[in-house]
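Q: Please take one part of this protein, look at it closely, and then follow its surroundings outward into the rest of the chain. I would like a connected account rather than a list.

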Amino acid sequence: MINKALKHTLLAAALAAATVGAQAAAPMVKTPAPGFFRVMLGDVEITPISDGTFDLPMDQFMHQKPELTRTAVTKNFLKLPVETSDNAFLINTGGKLVLVDTGAGALFGPTVGKFVNNLKAAGYQPEQIDEIYITHMHGDHVGGLVNNGQRVFPNAVVRAGKADADYWLSQANMDKAPADKKDFFKGAMASINPYIQAGKFKPIEKDGELVPGVSAQAEHGHTPGHTVYAVESRGQKLVLIGDLIHLAAVQFDNPQVTIAFDSDEKAAYAARKKVFDDAAKNGWLVGGAHLQFPGLGHLVTQGKGYRWVPVNYTQMR
């Protein structure tokens with residue numbers, strides 16, 4: 001017969017095993033933390049905010065042999081299609097609350113359109129935003145401006161390069177565009193027109209400061225009016241580069257490789273090279289719309305390309 005001590009030991013072991021089994025059977029949560037990050041640039045608060053991600057078959061879009069893209073993707077422990085971040089950047093200067101890009105909203109399917117919820121999780125409301133600066137009018141940058149045709153940011157003035165507005169908001173341009181390009185125009189018009197009708201859209205006609213500490217710089221090529229924005233405070237500088245780069249696994253090592261979405265490939269490459277060289281030389285912080293969230297880091301010149309150094313995780317102090 002089993003003595004009492006042994007009996008208790010076996011019972012305890014059985015209960016422990018049952019407890020472990022119960023814990024292992026707990027359902028997986030499968031939801032991430034709210035998609036925002038926060039750093040200080042001098043006296044300015046920078047909050048990258050995720051709109052989500054979408055999949056892109058980059059081997060079909062990058063303008064090089066598909067097998068070269070596949071090799072680069074694998075080397076960087078990614079897979080095809082590449083899950084691509086869609087980032088926006090909130091700038092609190094202390095006097096103005098400025099947003100650069102807005103994500104895709106409802107234009108790119110259910111895996112994006114998370115910007116507003118993440119904005120609120122970051123401690124801000126859409127009504128608080130004073131100005132919105134659009135790098136260019138592709139849907140994954142302007143789609144978040146509206147929800148069911150209504151302005152998401154009722155108090156904000158929206159600004160974008162005049163050349164982009166003239167191109168993407170033109171009915172004549174849309175009419176003569178190929179069928180597979182018409183949605184680019186439709187997305188831009190649906191997103192921007194409610195702000196035009198409300199007197200809340202103001203095109204950017206020249207480079208320069210828009211609000212104290214934040215300036216615009218035309219870097220055309222990806223689109224006719226593609227614009228980057230610089231934030232400066234106490235000798236520090238952040239350059240928000242929009243779509244000067246799409247796939248880090250390819251375009252840092254080989255910046256000459258362009259993408260199918262570029263309207264002028266030669267100009268797009270020239271803009272990337274110019275901005276990246278300046279950022280690497282001067283040690284500027286860089287923020288990219290499609291670099292892995294939070295999309296912030298520094299560039300170091302390496303051979304004919306660049307090495308990307310992501311920002312260190314930091315808590316606000």
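A: The account below starts with the whole chain, settles on one strand, and then works outward from there.

The model is predicted, and the protein in it has 10 helices and 15 strands. Buried residues make up 47% of its 317 residues, and the C-alpha trace spans about 95 × 45 × 45 Å along the principal axes. Of the contacts between residues at least 6 apart in sequence, 68% join residues at least 24 apart.

The part chosen for the close look is strand β5, which covers residues 131–134. From this strand Glu 131 and Tyr 133 point one way, while Ile 132 and Ile 134 point the other way, and all four are buried. On the one hand, β5 pairs with β4 in the parallel sense, over three bridges, and there Ile 132 is the bridge partner of Leu 99. On the other hand, β5 also runs parallel to β8, to which four bridges join it, and in that pairing Ile 132 stands opposite Val 158. The connection from β4 to β5 involves helix α4, and the three elements together make a right-handed β-α-β unit.

Ile 132 deserves a closer reading of its surroundings. Leaving out residues up to four places away in sequence, Ile 132 touches Leu 99, Thr 102, Leu 145, Phe 153, Ala 156, Val 157, Val 158 and Arg 159. The bridge partner Leu 99 and the opposite residue Val 158 are thus both found among the residues that Ile 132 touches.

In soluble globular proteins, nonpolar side chains tend to be buried together. Here the largest nonpolar core has 30 residues, and Ile 132 is one of those with the most contacts inside it, together with Ile 129, Met 137, Leu 145 and Phe 153. The elements that give two or more residues to this core are β3 (82–92), β4 (97–100), α4 (115–121), β5, β8 (157–160), α6 (162–168) and α8 (182–197). Helix α8 gives the most, with five residues. Apart from this core lies another one, of 21 residues, with Val 44, Phe 89, Leu 210 and Val 231 among them.

Phe 89 leads from the first region to the next, since its place is in strand β3, which also gives residues to the largest core. With a relative accessibility of 3%, Phe 89 counts as buried. Neighbours within four places in sequence aside, Phe 89 is in contact with Thr 47, Pro 48, Val 98, Leu 99, Val 100, Leu 240, Gly 287, Gly 288, Ala 289, Pro 294, Gly 295 and Leu 296. Leu 99, the bridge partner of Ile 132, is therefore also a contact of Phe 89. Phe 89 and Gly 288 are 199 residues apart in sequence, yet their C-alpha atoms are 9.2 Å apart in space.

Several of these contacts point to a second sheet, an open one of seven strands in the order β9-β10-β11-β12-β13-β14-β15, with mixed pairing. Its edge strands, each pairing on one side only, are β9 (208–211) and β15 (305–310), and the twist averages 35 degrees from one strand to the next. Strands β14 (296–302) and β15 pair in the antiparallel sense over six bridges, with Gln 302 standing opposite Gly 305. Helix α10 (265–282) lies across β10, β12, β13, β14 and β15, and runs at about 95 degrees to β14.

Aromatic rings add links around this sheet and elsewhere, the count coming to 12 aromatic pairs. Phe 61 and Phe 261 form a tilted pair, 4.8 Å centre to centre and with 55 degrees between the planes. Phe 61 lies in helix α2 and Phe 261 in the loop between α9 and α10, so this pair ties together parts that are 200 residues apart in sequence. Phe 261 has a relative accessible area of 24% and is therefore partly exposed. Phe 252 and Trp 308 are stacked, because their ring centres are 5.5 Å apart and their planes lie at 10 degrees. That pair joins the loop between α9 and α10 to strand β15, across 56 residues of sequence, and both Phe 252 and Trp 308 are buried. Elsewhere, ring pairs link Tyr 167, Trp 168, Phe 184 and Phe 185 into a cluster.

Key:
Residues are numbered from 1 along each chain as its sequence is written. This is a predicted model: local features need pLDDT of at least 70, side-chain atom pairs count only at pLDDT 80 or more; totals for chains, interfaces and linings use all residues. Side-chain values use heavy atoms; hydrogens and water are left out. Two strands pair if DSSP finds at least two bridges between them. Axes are lines fitted to C-alpha atoms, for helices over the stretch in contact, and angles run from 0 to 180 degrees between N-to-C directions. Contact means heavy atoms within 4.5 Å. A nonpolar core is a set of buried Ala, Val, Leu, Ile, Met, Phe, Trp, Tyr and Cys residues joined through side-chain atoms within 4.5 Å. Buried means under 20% relative accessible area, exposed over 50%, partly exposed in between (1.4 Å probe, protein chains only). A crossover is right-handed if, with the strands pointing away from the viewer, the path from the first strand over the helix to the second runs clockwise. Rings of Phe, Tyr and Trp (its six-membered ring) pair if their centres lie within 6.5 Å; planes under 30 degrees apart count as stacked, over 60 as edge-to-face and the rest as tilted.
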